[in-house]
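Here is a short, friendly tour to read alongside the coordinates. Keep your viewer open as you go.

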Amino acid sequence: MTVQKWTAAKVARKVIDNEELFILDVRNEDAFQDWKIEGHKFEYLNVPYFELLDGVEEILPQLPTDKEVLVVCAKEGSSVMVAEMLAEEGREAAYLEGGMGSWSSYLEPVKVANLDNGGELYQFVRLGKGCLSYMVISEGEAAIVDAVRFTDDFINFAKDKGAKIKHVFDTHLHADHISGGRHIAAETGATYYLPPKDATEVVFDYTALTDGLNVKVGASKIDVSALYTPGHTIGSTSFIIDDQFLLTGDILFIDSIGRPDLAGLAEDWVGDLRETLYSRYRELAEELVVLPAHFMIIDELNENGTVARRLGELFKENHGLNIEDEEEFRRTVTDNLPPQPNSHERIRQVNMGKIIPDNDEQTEMEIGPNRCAVR
Amino acid sequence: MIKADHHLDAKGLACPMPVVKTKKAINDLEEGVILEVQATDKGSKADLTAWASSVGHQYLGTVEEGDVLYHYIRKGSDEPKVEKAFERIISFEELESRDGLILDVREGAEYAFGHIGGAKSIPLGELESRMKELDKDEEIYVVCRTGNRSDLAAQLLADNGFTKVYNVLPGMNGWNGKITKEF
């Protein structure tokens, strides 16, 4: 038997196409518990590689022979070793190139919709981390919202589409992942926007993203307009694109709402969050399609791989939008908050430009789930 | 610098090699000795910790110097249940109100990664030759990890004319108070 090498892109296709896969995860138990490759029809076995140094015989009965088996570890080395041991036992096995590091970095661009005059809206789904970024393309121009740090992915995608990146936005100062926004802007000459209330400590230049700001993309003037919606952070801003789409940043997700505690105290911002979700968003058209900056669980993916739902549906189904009692709402978003994302304080420092870790450190800081939401 | 009996250079090696090499190296060692593993793979800390506890070695701790991680592991942590021979024993609670010297007879590396503040370190193996550092008129409370080595140490001291010697039980793995680290 020979050992096969799979790319993160191949695994991403399995997730989106709803295929079966058996994952043998050979990382530490707590690493696996904290975060793993999620798929609708994936099955798992977690045995740390160091328990397999003397051989894999003991786990063979637990591995299926009628399904593909993918061995996964943190970086790659241990999964190669274990996959080779499986092959020696006559089992088909593959390993994930680059391990969980490459899974965390992989972006799958999925088209959300066609816009007027050949315009397009893309969602970049970062399956391994639950981050969602956006690109509006129209007649040779592009605007990007909430870009993650893999700047080449966005720059090359725009290039392939023959579009020049003109505007780059961050809906807020992110705490769960490192933004690529200002680097893309620097490389392409685009304008970089950030809400000034989130930017009091940043050490770079930016253009203020304020309520009512409006930019047009391309000759057909696809509308991108800003709506001040604080609550996750004090500066959090949403976007309405082409009167059809509502980019909610980390304020509203498909099955949860933004947590108000990652840049300060939950008590301080819970009122803003309430006001945004229960007043500002209520004034918007229910037909708007909500496009958030994150998803939490794989079930939030639609069949085509996008994460998108009508605002009207969320008003009906999202628990966080249906807590009538203010006091209960306050308790929901301040008590029982999930653990804070890994390294969130240092990630904020990076996004403020205060520290510049190397690539390996950035990968390390972003390991793990995003945990920006409260349910 | 922390004292180790053996050194393993796993610098520049990626996972799984630091654990593979450590496993191989520790096989050739005697129970109770300290192995220092030098590695540059950041993941080696979590992996060696989990591996050591899964196979019954005692992971002591890690010191970071520049890019290099120095891990310390003591071979075999499951000490056999020996009948303790030294009769004068004392608990941590009783110890609190007493004056005297706490003598820590674990290996230097174990001591370095966490001991009771003010405790003096003389590993069991060095006790015979360093006995003169101790005062026969002082109360001496001997502590180790589980109470076995301190039992042997207390007997050795008593045989050499120390009269106010106590074995502290259960030992450092039952200590919930503050610990001091010293590298």
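The sections below go from the whole of one chain to a helix pair and the contact between chains.

## Chain A as a whole

Please bear in mind that this is a predicted model. Chain A holds 11 helices and 20 strands. Its C-alpha trace covers about 65 × 50 × 40 Å along the principal axes.

How does the radius of gyration of chain A sit beside that of a compact globule? For 375 residues, a compact globule would come out near 21 Å, and chain A has 21 Å, so the two agree.

## The annotated domains

Both chains carry a record-based annotation that you may like to colour in your viewer. In chain A, an unreviewed UniProt entry places the feature "domain: Rhodanese" at residues 17-112. The C-alpha atoms at the ends of that span are 16 Å apart, and its make-up is 26% helix and 26% strand.

In chain B, UniProt, again from an unreviewed entry, puts the feature "domain: Rhodanese" at residues 96-181. Here the end C-alpha atoms lie 20 Å apart, while helix accounts for 28% of the span and strand for 16%.

## A helix pair in chain B

Now turn to helix H1 (residues 17-27) and helix H2 (residues 44-55) of chain B, whose axes are 9 Å apart and meet at an angle of about 40 degrees. Because of that angle, H1(B) counts as oblique to H2(B). The crossing of H1(B) past H2(B) is right-handed.

Which residues make this contact? From H1(B) come B:Pro18, B:Val19 and B:Thr22; from H2(B) come B:Ser44, B:Asp47, B:Leu48 and B:Trp51. Sorted by character, the residues of the contact of H1(B) with H2(B) are 4 nonpolar, 2 polar and 1 charged.

## Where chain B touches chain A

The two chains also meet one another: 13 residues of chain B are in contact with 13 residues of chain A. On the side of chain B that touches chain A, H1 and H2 of chain B each contribute at least two residues. Which element gives the most to that side of chain B? The answer is H2(B), with 5 residues.

As for chemical character, the side of chain B that touches chain A is made up of 8 nonpolar, 2 polar and 3 charged residues. H2(B) is thus a handy place to pause in the viewer: H2(B) packs against H1(B), and H2(B) also supplies 5 residues to the side of chain B that touches chain A.

Notes
Residues are numbered from 1 along each chain as its sequence is written. Chains are lettered from A and ligands numbered from 1 in the order in which they are written. This is a predicted model: local features need pLDDT of at least 70, side-chain atom pairs count only at pLDDT 80 or more; totals for chains, interfaces and linings use all residues. UniProt positions are given in the numbering used here, feature names are shortened, and annotations may be inferred rather than shown by experiment. Helices (H or I, at least four residues) and strands (E, at least two) are DSSP runs, numbered from the N terminus. Axes are lines fitted to C-alpha atoms, for helices over the stretch in contact, and angles run from 0 to 180 degrees between N-to-C directions. Angles under 35 degrees count as roughly parallel, over 145 as roughly antiparallel, 65 to 115 as roughly perpendicular and the rest as oblique. A crossing is left-handed if the near helix is turned anticlockwise from the far one by less than a right angle, and right-handed if clockwise. Two residues are in contact if their C-beta atoms, placed from the backbone, lie within 7 Å. Ala, Val, Leu, Ile, Met, Phe, Trp, Tyr, Cys and Pro count as nonpolar, Asp, Glu, Lys and Arg as charged, and the others, Gly among them, as polar. The radius of gyration is taken over C-alpha atoms; the globule rule is 2.2 Å times the number of residues to the power 0.38.
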